[in-house]
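Colleague: Could you walk me through how the labels on this model were earned? I would like to see the reasoning behind each one.

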Amino acid sequence: MDLKIASTIKMNNSVEIPRLGLGTWQAQADGTARQAVEWALEAGYRHIDTASAYGNEENVGAAIASSNLPREDIFVVTKVFNDDQGYDSTLKACEDSLKRLQLDYVDLYLVHWPVSGLRKDTWRAMVRLAEEGFCRSVGVSNYTIRHLDELLADSPIVPAANQIELSPFLTRTTLVDYCQSKGIVVEAYSPLARSRKLGDPRLVAVAEKYGKSTAQVALRWALQHDFVVIPKSTNKERIFENANLFDFALSAEDMALMDSFDEDYWTINLAWNPEKSNKWE
Ligand code: A2P
């Protein structure tokens, strides 16, 4: 697989999403998030993932504004959070996010969680926002097959992406296969399992074989599965390390080996787990 840092995946609406993005959950809005985005752009990332719930959209917007990069060269993702779901409130939430980001449009706007009772109205608003050009594409996050089936039964468009927790320790193959069969790009968040599994001896053995870090082989595994991958870091060295994925390729055998690391390892707690908590019915 001849991937580069600028490599993209064409989504079902023909918009191209860069395969590597910077995650910003828990990147503080005290300037930390701004600095992280500046380093990421310096390292060659052209995709930044934020959310209104992260509280750092102003920081992300400031970094983009000061980068001197053409707007169309940066792929910006943000999300409508749970309290804002519903038709009118989603329209308003998007407008507010754009103001905080200092942007006229985002490249991808996501429904952050599949909130019971509000999903249909929220999605109708998402479709309108895409039609009106405030978002080049719209998608969902933390949706399970049940939520996607419900959406697809009553939507003029297929979501461009589903952003879900995914790592070699949480492979979710049934959901991944479903999304890929419907033309929904899979975005892997917490692809490093929040660094909690980077010392796993099985992962260490693969990393040593390639002379890379365990984080790098975990991210490369995601790329070779055609997932968009958004590792979070606010540390300059690690932001650069996580972008240094394009001078090696995992063999088919090692991909299969890493697939076998799956142990249903979630980093989000049970209440937020859309597969296991009845909160998201
Ligand atoms: P930091 O921001 O200090 O770099 P995930 O993307 O799976 O949610 O993981 C994010 C967590 O992993 C953060 O705590 C981040 O800390 C840490 N992290 C990010 N990149 C690396 C890396 N290359 N090696 C070790 N830890 C990392």
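**Ligand and sheet**

Modeller: Happily! This is a predicted model, and the ligand sits in its largest pocket.

Colleague: What makes "sits in" the right phrase for the ligand and the pocket?

Modeller: The phrase requires that more than half of a molecule's atoms lie within 2 Å of the grid points. The ligand sits in the largest pocket, so it meets that condition.

Colleague: Why is the pair between Asn242 and the ligand called a polar contact?

Modeller: A polar side-chain atom of Asn242 lies 2.9 Å from a nitrogen atom of the ligand. The cut-off for N or O pairs is 3.5 Å, so this pair counts. Glu241 also offers a polar side-chain atom, 3.1 Å from a ligand nitrogen. With Arg194 a backbone N or O atom is involved, 2.9 Å from a ligand oxygen. As for cover, the ligand taken alone exposes 570 Å², and the protein buries 81% of that.

Colleague: Which residues come nearest to the ligand?

Modeller: They are Leu192, Lys232, Ser233, Arg238 and Asn242, out of 16 residues around it. The shell divides into six nonpolar, six polar and four charged residues.

Colleague: How do you know that β3 and β4 pair?

Modeller: Pairing takes at least two bridges, and β3 and β4 share two bridges, so they qualify. Their sense is parallel, and Leu22 has Ile48 in β4 as its bridge partner.

Colleague: What makes β3 and β10 edge strands?

Modeller: The open sheet has eight strands in the order β3-β4-β5-β6-β7-β8-β9-β10, with parallel pairing. β3 (22-23) and β10 (228-229) each pair on one side only, hence the name.

Definitions and conventions: Residues numbered from 1 in each chain as written. Predicted model: local features only at pLDDT ≥ 70, side-chain atom pairs only at ≥ 80, totals over all residues. Heavy atoms only, no water. Near = heavy atom within 4 Å. Polar contact = N/O pair within 3.5 Å; in protein donor to acceptor, adjacent residues only side chain to side chain. Areas by Shrake-Rupley, 256 points an atom, 1.4 Å probe, with all protein chains shown as cover. 1 Å grid on protein atoms, 1.4 Å probe; cavity = no way out; pocket = protein on both sides within 12 Å on 5 of 7 lines; lining within 4 Å. Nonpolar A, V, L, I, M, F, W, Y, C, P; charged D, E, K, R; others polar. Helix = DSSP H or I, 4+ residues; strand = E, 2+ residues; numbered from the N terminus.
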